[in-house]
Amino acid sequence: MPDPIGVRADWLATNGDREGTRYSRLDQINRKNVRKLKPAWSYHTGDADPQKLTNIECTPVVVDGWMYVTTCSPRVKIVALDAATGKERWKYDPFARPRPGQIIASGGVNRGVSYWSDGKPNGLRRVLMGTADGRLLSLDAHTGKPDPAFGKGGEVDLRAGIERDISRLPYGCTSPPAIYRDLAILGFANGEGTGPGAPGDVRAFDVRTGKEVWRFHTVPRPGEYGHDTWATDTWKERGGCNSWSGATVDTRNEIVFVGTGSPAFDFYGGDRKGRNLFGNCIIALDANTGKRLWHYQVVRHDLWDYDNPCPPVVCTVRQNGRLREAVAQVTKTGYCFVLDRKTGEPLFPMEERSVPPSDIPGEAAWPTQVFPLKPPPFSRQGFGPEEVTNISPESRRYVSEKIQGMKYGPIFTPTGFQPTIRFPGFFGGATWSGASFDPTTGTLYVNSNNIPREHHLEKTASGSRDPYRNTGYGRFHDQFGYPAVKPPWGNLTAIDLNRGEFRWQIPLGEFPELTRKGLPPTGTENLGGTIVTAGGLVFAAGTKDEMFRAFDKKTGKELWEYKLPFGGYATPCTYAVNGKHYVAIAAAGGGKLATPAGDVFVAFALP
């Protein structure tokens with residue numbers, strides 16, 4: 001029975017839909033009344049650990065009045081809630097049974113679950129989750145019990161399908177499977193440091209049985225397309241090159257899209273000379289077979305950890321009066337690549353530019369990189385003295401002195417032996433937060449960072465397998481802990497994908513103590529994405545000031561804000577139950593932004 005609100009009322013996937021648009025046609029909450037938005041209910045997961053800065057990066061999935069969430073990492077649980085009241089319906093603990101020796105990938109981060117049904121009244125309904133220790137689970141959506149027909153007791157050991165022993169290597173899922181027909185399509189988190197790594201292959205499994213149906217090798221093997229982009233045998237046991245952020249699906253054209261990360265080791269490639277396909281690529285795969293249809297590499301021979309941090313958004317744009325089926329990939333470098341969905345052809349001009357060489361012995365940095373001429377970059381590119389902070393004379397003086405003897409330069413300046421400034425930093429530009437897309441206007445909304453980092457390489461001991469190691473991922477800041485560059489430090493940008501131009505760009509977030517001193521809002525580092533609605537609104541949290549905000553999607557004007565109990569470092573969702581419209585978000589703080597940690601989901605509605 002359709003919901004009385006009159007439009008599709010569910011949030012079917014982490015990214016809203018299979019295409020990853022995060023767009024809702026619900027408009028009960030809109031520009032005129034959003035200022036009245038109040039908490040409707042909250043749910044505490046009960047498993048926060050403030051000492052370990054646990055967090056929740058999950059976006060709820062909502063179907064037919066049921067909400068499915070995951071709890072605090074790393075020992076996440078799966079919970080079903082009543083989406084109208086927040087009342088718990090069932091809870092399942094994937095880690096209840098001890099698993100000694102299992103290595104967890106990416107610190108156990110989890111961004112939610114997937115939902116599948118056979119489409120029949122009273123038919124099969126399943127909740128699926130990939131775990132960070134390398135399992136795929138299938139639960140009955142209404143009871144929370146494991147599906148006995150799936151794998152072994154509702155569980156598939158994903159490590160068992162790998163041809164070599166990876167028992168001592170990190171391998172698992174941080175993002176939910178993409179659902180296409182009866183397939184669950186998984187990307188993986190694996191090792192990105194020195195030494196051997198588990199494969200980053202994309203894999204598809206039958207949602208009814210758990211049987212693997214196809215696999216795409218993201219590091220090509222002998223005889224496969226792209227194998228010649230790896231020198232000699234350097235493809236073997238190679239980590240990275242993984243779609244850790246998941247996938248999106250064009251169901252009509254039967255295409256799966258992934259964005260892959262950098263090859264391991266992130267900052268030195270002397271042992272992997274070449275372009276290194278399919279690292280840092282946008283890849284289109286046949287959804288039925290996993291066969292490569294096309295690819296586009298956005299960074300060659302990555303030395304900067306410039307992963308594609310999210311899957312491409314499946315969208316349609318209008319160019320010269322003609323509709324074009326496209327995908328849009330936002331990147332850590334601050335660029336948005338807009339490509340034809342069927343061919344991979346760029347829809348806007350690209351320019352090949354020379355980039356700085358490496359001064360690390362044994363390295364062979366790729367001499368050029370590709371730069372989109374449209375849309376313009378939504379984050380700043382490279383570091384020089386002109387970027388030094390101006391929030392106070394004291395901060396400017398401190399940073400100006402600190403950069404003496406440091407290595408810096410334009411984007412794609414390779415890391416050196418001396419402290420090197422990375423800008424954009426390791427968290428972008430864009431992050432796993434990704435982007436949302438309004439199909440009615442052709443507008444993409446992306447939140448991003450202007451946060452510099454500092455690190456360097458150092459030689460390892462004689463006889464080590466790898467000649468160099470990375471010294472860390474430190475933030476580059478002033479003596480007071482603020483970013484060492486001029487504000488804004490976080491942005492929200494509306495990009496017209498029809499024309500390749502900004503509609504608007506605003507700072508996202510603030511440091512209240514700086515605002516009180518008379519500085520304009522500076523923006524903050526942010527992790528957690530946007531959604532966009534037919535009510536004319538863009539919702540976003542993710543900022544270090546722990547605020548949840550709504551903006552006018554046409555102008556960027558802030559229309560509403562609410563101080564969350566903890567930082568909302570996740571993407572919200574929106575849905576309706578019995579004619580009432582809600583917006584919900586995980587507010588658990590902690591994590592990489594290191595604010596106080598909690599354990600709550602909050603849903604908002606009009607009084």
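This report walks through a predicted model of a single chain, from its overall build down to a few residues worth a look.

**The whole chain**

The secondary structure is a lopsided affair: 2 helices against 41 strands. The radius of gyration comes out at 23 Å, close to the 25 Å that the globule rule gives for 607 residues, so the chain is as compact as a globular protein of that length. If you want box dimensions, the C-alpha trace spans about 65 × 60 × 55 Å along its principal axes.

Of the 607 residues, 62% count as buried. The accessible surface adds up to about 22000 Å², and carbon and sulfur atoms own 51% of that. As for contacts with a sequence separation of 6 or more, 61% of them involve residues 24 or more positions apart. On the charge side, there are 74 positive and 64 negative charges, and their mean positions sit 2 Å apart.

**Cysteines without partners**

A disulfide is a covalent bond between the sulfur atoms of two cysteines. How many disulfides does the chain have? The count comes to 0. Two of the cysteines show what is going on. For Cys 72, the closest cysteine sulfur is in Cys 58, 11 Å away, which is too far for a bond. For Cys 173, the closest cysteine sulfur is also in Cys 58, at 15 Å, and again that is too far. The cut-off is 2.5 Å between the sulfur atoms. Both residues are tucked away from solvent: Cys 72 is buried with a relative accessible area of 2%, and Cys 173 is buried at 0%.

**Backbone oddities**

Most residues other than glycine have a negative phi, and most peptide bonds are trans. With that in mind, here are some places where the backbone does something else.

Start with the cis peptides. One runs from Ala 264 to Phe 265, with omega near 0°. Phe 265 is in the loop between β18 (255-259) and β19 (281-286). Another goes from Lys 374 to Pro 375, and there omega is near -15°. Pro 375 also belongs to a loop, the one between β25 (368-372) and α1 (393-402).

Then there are positive phi values on residues that are not glycine. Asp 64 has a phi of about 55°, and Glu 254 has one of about 60°. Asp 64 is placed in the loop between β3 and β4 (66-70), while Glu 254 is in the loop between β17 (247-250) and β18. Is Asp 64 buried or exposed? Asp 64 is exposed, at 56% relative accessibility. Glu 254, at 27%, counts as partly exposed.

**Three positions to zoom in on**

Val 61 is in strand β3, which covers residues 61-63. Its relative accessible area is 1%, so Val 61 counts as buried. Which residues does Val 61 touch, leaving aside those up to four places away in sequence? The list is Trp 11, Leu 12, Ala 13, Thr 14, Trp 66, Met 67, Tyr 68, Val 113 and Tyr 115.

Leu 508 lies in the loop between β34 (501-507) and α2 (512-516). Despite being in a loop, Leu 508 is buried, at 1% relative accessibility. Beyond the residues up to four places away in sequence, Leu 508 has contacts that include Asn 447, Gly 490, Leu 492, Thr 524, Ala 541 and Phe 551.

Pro 121 is in a loop as well, between β7 (114-117) and β8 (125-130). At 72% relative accessibility, Pro 121 is exposed.

Each of these three residues also comes with a C-alpha distance to a residue elsewhere in the sequence, gathered here:

| Pair | Separation along the chain | C-alpha distance |
|---|---|---|
| Val 61 and Gly 112 | 51 residues | 7.8 Å |
| Leu 508 and Val 69 | 439 residues | 26 Å |
| Pro 121 and Thr 389 | 268 residues | 60 Å |

Val 61 and Gly 112 are separated by 7.8 Å, with their positions 51 residues apart along the chain. For Pro 121 and Thr 389, the C-alpha atoms are 60 Å apart.

Definitions and conventions:
Residues numbered from 1 in each chain as written. Predicted model: local features only at pLDDT ≥ 70, side-chain atom pairs only at ≥ 80, totals over all residues. Heavy atoms only, no water. Helix = DSSP H or I, 4+ residues; strand = E, 2+ residues; numbered from the N terminus. Rg over C-alpha atoms; globule rule 2.2 N^0.38 Å. Buried < 20%, exposed > 50% of the residue type's maximum accessible area, 1.4 Å probe, protein only. Contact = heavy atoms within 4.5 Å. Areas by Shrake-Rupley, 256 points an atom, 1.4 Å probe, with all protein chains shown as cover. Lys, Arg positive; Asp, Glu negative; His and termini not counted. Charge placed at Lys NZ, Arg CZ, Asp CG, Glu CD.
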